[in-house]
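User: Could you take a close look at one part of this model for me and then follow its links outward? I'd like a connected account with the values included.

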Amino acid sequence: MDTNSIIGQLKDLSSASGNRDETLKEAVRLIHASNPRYNWTGIYLLEGDTLVLHNYIGKPTEHTHIQVGVGVCGTAVAETRDINVEDVTKLDNYLACSLETRAEIVVLIKDSEKIYGQIDIDSDTPGAFTDHDEQFLGKIADHLATILGV
Ligand code: SME
């Protein structure tokens, strides 16, 4: 399914149900199903200075709460930037969810005012994430920001 179809489905769902939590869960389901290299897909929401795991698909993780500035996820918030890591084994500040993970991408859910959270994806394939993934996830994140910003 392409990006516009996914965003279309999320728009239909959010206007039909108005249920923020259901929309965030459906976003994770659609993103995860869109690419076999996405081995763990989750959304964290920012509450104060803590990222709280809202929902995910993949192996259970102990990292359900991450402080801003800690790990790849917390660094993305602290530096207000998306992060695409080709090889997590080369990082000092990485919080491991699974020993098989090799690549990770974090895309912020934000608008000009505020960071609401992030889409976080792990892959067992080194260098799994391309410009295409960054753009695809960025469009979905922008749409989710419109839902979380109301
Ligand atoms: N690897 C992340 C932690 C979250 S797990 O990947 C699910 C990090 O370093 O922040």
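Analyst: Happy to. Contact here means heavy atoms within 4.5 Å of each other. The model is a predicted one, and a good place to start is Glu26, which sits in helix 2. Setting aside neighbours within four places in sequence, Glu26 is in contact with Gln9, Leu10 and Leu13. Is this charged side chain buried or exposed? Its relative accessibility is 17%, and buried means under 20%, so Glu26 counts as buried.

To see what else Glu26 does, let's go through the salt bridges. A search of the whole structure finds 6 of them. One joins the side chains of Arg20 and Asp21, with 3.4 Å from N to O. Both partners fall in the middle range of accessibility: Arg20 is partly exposed at 38%, and Asp21 is partly exposed at 34%. Another salt bridge links Glu79 to Arg81, and here the closest N and O atoms are 2.6 Å apart. Glu79, at 45% relative accessibility, is partly exposed, and Arg81 has that status too, with a relative accessible area of 39%. A further salt bridge brings together the side chains of Lys90 and Asp87 at 3.8 Å, N to O. Lys90 is exposed, with 69% relative accessible area, whereas Asp87 is partly exposed at 23%. Then comes our starting residue: Glu22, Glu26 and Arg29 belong to one network, joined by salt bridges that share partners.

Now for the helix that carries Glu26. Helix 2 covers residues 20-33, and its axis comes within 11 Å of the axis of helix 4 (residues 131-148), crossing at roughly 175°. Angles over 145 degrees count as roughly antiparallel, which is why helix 2 is described as roughly antiparallel to helix 4. Which residues make the contact? On the helix 2 side they are Arg20, Thr23, Leu24, Ala27 and Ile31, and on the helix 4 side Phe136, Leu137, Ile140, Leu144, Ile147 and Leu148. Sorted by class, this contact of helix 2 with helix 4 has 9 nonpolar residues, 1 polar and 1 charged. Arg20 therefore turns up in two places, in this helix contact and in the salt bridge with Asp21.

Following the chain on from helix 2 leads to the aromatic residues. The structure holds 3 aromatic pairs. In one of them, the rings of Tyr38 and Phe129 have centres 5.9 Å apart and planes at 40°, so this pair is tilted. Tyr38 is in the loop between helix 2 and strand 1 (40-47), while Phe129 is in the loop between strand 6 (115-123) and helix 4, so the pair ties together parts 91 residues apart in sequence. Both rings belong to buried residues: Tyr38 has a relative accessible area of 3%, and Phe129 has 6%. Trp40 and Tyr44 form a tilted pair as well, at 6.5 Å centre to centre with 35° between the planes. Trp40 and Tyr44 are both buried, and together with Tyr56 they form one aromatic cluster.

The last stop is helix 3. How many of its residues are buried? In this helix (residues 71-78), 7 of the 8 residues are buried, so helix 3 is largely enclosed by the rest of the structure. The buried residues are Gly71, Val72, Cys73, Gly74, Thr75, Ala76 and Val77. They pack against strand 1, strand 2 (50-57), strand 3 (65-67), strand 4 (83-85), strand 5 (103-110) and strand 6. Strand 1 and strand 6 are also the strands that border the two loops holding Tyr38 and Phe129.

One backbone detail follows helix 3. Most residues other than glycine have a negative phi. Just after helix 3, though, Thr80 takes a positive phi of about 45°. Thr80 lies in the loop between helix 3 and strand 4, and at 47% relative accessibility it counts as partly exposed.

Terms used
Residues are numbered from 1 along each chain as its sequence is written. This is a predicted model: local features need pLDDT of at least 70, side-chain atom pairs count only at pLDDT 80 or more; totals for chains, interfaces and linings use all residues. Side-chain values use heavy atoms; hydrogens and water are left out. Axes are lines fitted to C-alpha atoms, for helices over the stretch in contact, and angles run from 0 to 180 degrees between N-to-C directions. Helices (H or I, at least four residues) and strands (E, at least two) are DSSP runs, numbered from the N terminus. Angles under 35 degrees count as roughly parallel, over 145 as roughly antiparallel, 65 to 115 as roughly perpendicular and the rest as oblique. Ala, Val, Leu, Ile, Met, Phe, Trp, Tyr, Cys and Pro count as nonpolar, Asp, Glu, Lys and Arg as charged, and the others, Gly among them, as polar. Rings of Phe, Tyr and Trp (its six-membered ring) pair if their centres lie within 6.5 Å; planes under 30 degrees apart count as stacked, over 60 as edge-to-face and the rest as tilted. Buried means under 20% relative accessible area, exposed over 50%, partly exposed in between (1.4 Å probe, protein chains only). A salt bridge is a side-chain nitrogen of Lys or Arg within 4 Å of a carboxyl oxygen of Asp or Glu.
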